[in-house]
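Thanks for coming. I will go through one model today, starting with the ligand site and ending with the aromatic pairs.

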Amino acid sequence: MFLRISRKKSMIYNNKKKLCLIENLDKKLEKKNLYFILNDQIKSKNILKEKNLFLTEKFRDQKINLTQKVPSGSNIGNHMKKPLLMRIGLETTYKNLIAFYKDKLNLNMISTSFFKKKFCFLNKIQKMNFCIYQANKEIAQKKYSFAIIGSGPGGFYSAKQILKKYPKFQIDIYEKLPHPYGLVRTGIAPDHQEAKNVEKDFSELMRKQEHDSTGVRFYGNIQISKDLSFEDLKQNYSGIIFSYGAEEENKLNLLNEDCFGCFSARNFVNWYNGHIYYTEKSDFMSPQFDLSKTKDVVIIGNGNVAMDICRILCKNYNEIKNFDIPEKVLEKLSKNKIKNIHIIARRGLVQSAFTVKELREVSRLNNVNIYVLKSEIENSLNENSQKEMDAIHASERRHYERKLELIKSLNILEKEAQIQEIAKTDNGKKNIFLRFLLTPAKIEVVKEANGINNVSAIKFLRSHLEGKPNNQNAIINKEEEENLNNDISNINKNSQYIFNTNVIFKSIGYKCTNIFPKHLKFDTNNNVILNKWGVVFDRENNLYDDVFTCGWVKRGAKGIVDSTLRDSYDTFNSINYLLEMDKLTPKIPDNKGIIEKLERKNITIFTNEKWNLIDKIELERGSKLKKIREKIINIEEMKRLVS
Ligand code: NAP
């Protein structure tokens with residue numbers, strides 16, 4: 001409990017409310033709890049002593065040495081039996097305080113920022129005033145169990161945090177796919193193997209299960225909500241953690257955006273990563289998807305997924321053959337004769353979603369020239385964008401400076417007409433045009449002999465930025481609006497905003513969905529499960545005690561694996577808090593019952609052992625081909641191999 005003592009009135013305040021006079025303090029205090037009094041001047045020292053409360057001396061930032069203040073013959077543990085009062089100088093950081101008590105009292109530790117952020121929240125959900133409390137040592141000995149839904153970084157990092165503190169807890173990870181690791185396997189680009197290294201960390205957790213029955217039990221090929229219900233999970237586990245990531249992507253809401261040739265970036269990324277659903281059966285395997293006949297490609301959106309796709313399209317066969325791209329995909333990619341890649345953003349440079357690191361990597365490729373248009377950069381650097389760059393945090397300012405420096409080092413074109421000239425000329429290199437302030441407006445298709453509508457062009461309309469700093473939107477210029485409803489064929493063919501192409505990638509962000517609409521409240525603006533620091537709300541707006549979320553489905557489809565690691569600390573802090581407040585029930589899941597239910601549905605469950613077998617086969621096949629891994633891209637083959 002954090003209390004504040006009024007200097008004048010010897011009155012104790014809790015947060016903002018008057019609590020009691022110091023004289024009446026002991027009535028308010030419960031034994032066994034630790035109390036902090038926040039003040040630098042306590043006048044009523046004598047009263048506190050009378051009440052048998054222990055008052056510490058003021059201790060200074062960085063130099064906490066409380067032990068000398070503990071009366072001889074006693075130890076701090078004994079003091080905990082009585083309410084312990086401490087006087088804390090205002091300059092003392094909570095961090096130091098917490099660090100000091102961590103070892104002494106086995107307190108549940110809440111990080112400084114967590115404490116500051118969560119104070120109100122914890123008050124609200126627990127209707128209590130304190131957020132630093134004595135850990136219940138028995139928790140670690142009891143048999144708690146967690147079902148984690150989704151085996152990507154959100155799922156595995158959550159498991160890791162729990163097992164680090166409570167190695168004996170049972171953690172079952174359920175996954176829709178037959179294999180683990182989510183986006184690490186099917187999203188991170190194959191030429192970014194260093195980012196995929198976390199797989200080793202995750203696989204350790206699975207292997208531990210086989211060695212000593214601690215660690216993670218994996219249940220793959222199970223679609224939660226279809227194969228197992230919310231009630232199944234609630235009944236069987238002490239807690240559930242939803243970390244199933246983003247299952248869909250954003251839409252442009254333009255006519256023809258689902259026609260052949262206008263592809264989802266997500267599907268393309270899944271394809272070259274050997275996703276079991278999207279590789280063999282995808283459009284990209286069809287003869288119509290022919291990169292030898294495609295000269296111009298348009299990528300809508302300039303986030304890091306756009307950069308990944310651009311890199312994969314720029315690299316030649318030799319540069320990508322040794323990674324884990326499936327052979328069938330490599331064969332298609334090796335025919336790539338793409339010459340021009342137009343990466344098009346509706347907003348400006350400052351708002352661009354790519355990170356400096358990713359664009360720099362593209363700029364360093366051997367056979368690539370990157371161009372930007374001077375007028376687009378200048379127009380995007382309006383007054384409010386300048387304000388955005390003058391960010392409060394030095395790291396953010398540095399980020400913008402570096403972005404600007406990098407852009408200045410690229411080829412800067414004075415006139416739009418130069419783009420078409422360069423795109424037409426064969427300079428032996430691939431050209432990347434980074435475009436800004438162009439909003440996608442119309443997708444043109446032609447009907448092929450086979451009756452399929454194929455994309456033939458896309459039209460963009462010139463836009464400008466409007467809105468407050470950090471909240472600027474792309475608004476189509478007035479003079480362009482009249483073009484909005486015209487057929488592309490009626491618009492001046494020389495317009496620089498029409499791109500004749502039969503390959504468009506919509507790289508406009510991933511989207512999370514609600515797999516249990518009856519049980520989980522969903523924030524439809526941000527497409528996340530509504531939660532407070534990882535604790536999930538039910539349909540009636542109440543926080544569950546035992547349902548949590550982590551990863552993209554918690555905070556939106558943003559950020560790299562490292563961001564999810566940080567996110568998992570946040571969720572774990574909440575889990576731990578509720579555990580130690582005895583809000584969760586120890587449970588041993590009835591796995592026999594669960595498995596029988598799944599078997600009745602004829603589901604092949606991919607367990608740790610089965611995945612290990614697949615993993616081994618993939619690595620062996622890869623080694624024969626002198627590559628990292630040859631992924632199995634057919635689920636029937638996987639089933640056959642493990643049966
Ligand atoms: P993203 O970073 O959110 O970028 C989406 C892009 O699409 C933005 O440029 C956005 O522009 C644009 N966009 C959205 N709706 C649009 C519309 N209707 N019309 C035109 N443009 C539209 O998404 P992402 O590239 O899919 O990446 C997802 C997350 O994964 C990101 O946090 C990314 O950093 C991360 N990631 C990281 C790596 C890496 O580190 N190597 C690799 C891949 C992905 P506005 O800003 O104007 O909306």
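**Ligand site**

In this predicted model, a polar side-chain atom of K558 lies 2.5 Å from an oxygen atom of the ligand. For R347, a polar side-chain atom is 2.8 Å from a ligand oxygen atom. V305 uses its backbone: an N or O atom there lies 3.1 Å from an oxygen atom of the ligand. On its own the ligand has 910 Å² of accessible area (Shrake-Rupley method, 1.4 Å probe), and the protein covers 82% of that area.

Which residues are closest to the ligand? They are N304, R346, R347, K558 and G559, out of 22 that surround the ligand; to count, a residue needs a heavy atom within 4 Å. By class, this shell has 9 nonpolar, 8 polar and 5 charged residues. Here Ala, Val, Leu, Ile, Met, Phe, Trp, Tyr, Cys and Pro are nonpolar, Asp, Glu, Lys and Arg are charged, and the others, Gly among them, are polar. Helix 12, residues 304–314, gives the most to the shell, with 3 residues. Helices (H or I, at least four residues) and strands (E, at least two) are DSSP runs, numbered from the N terminus.

**Confidence**

The chain averages a pLDDT of 82, and 76% of the residues score at least 70; pLDDT is the predictor's confidence per residue, from 0 to 100. Residues 1–8 stay under 50, with 48 contacts beyond four places in sequence, a contact being heavy atoms within 4.5 Å. Residues are numbered from 1 along each chain as its sequence is written. Local features need pLDDT of at least 70, side-chain atom pairs 80 or more, while totals for chains, interfaces and linings use all residues, and side-chain values use heavy atoms, without hydrogens and water.

**Aromatic pairs**

The structure holds 31 aromatic pairs, with ring centres within 6.5 Å (Phe, Tyr and the six-membered ring of Trp).

Key
A polar contact is a pair of N or O atoms within 3.5 Å; within protein, one must be able to donate a hydrogen and the other to accept it, and residues adjacent in sequence count only if both atoms are side-chain atoms. Rings of Phe, Tyr and Trp (its six-membered ring) pair if their centres lie within 6.5 Å; planes under 30 degrees apart count as stacked, over 60 as edge-to-face and the rest as tilted.
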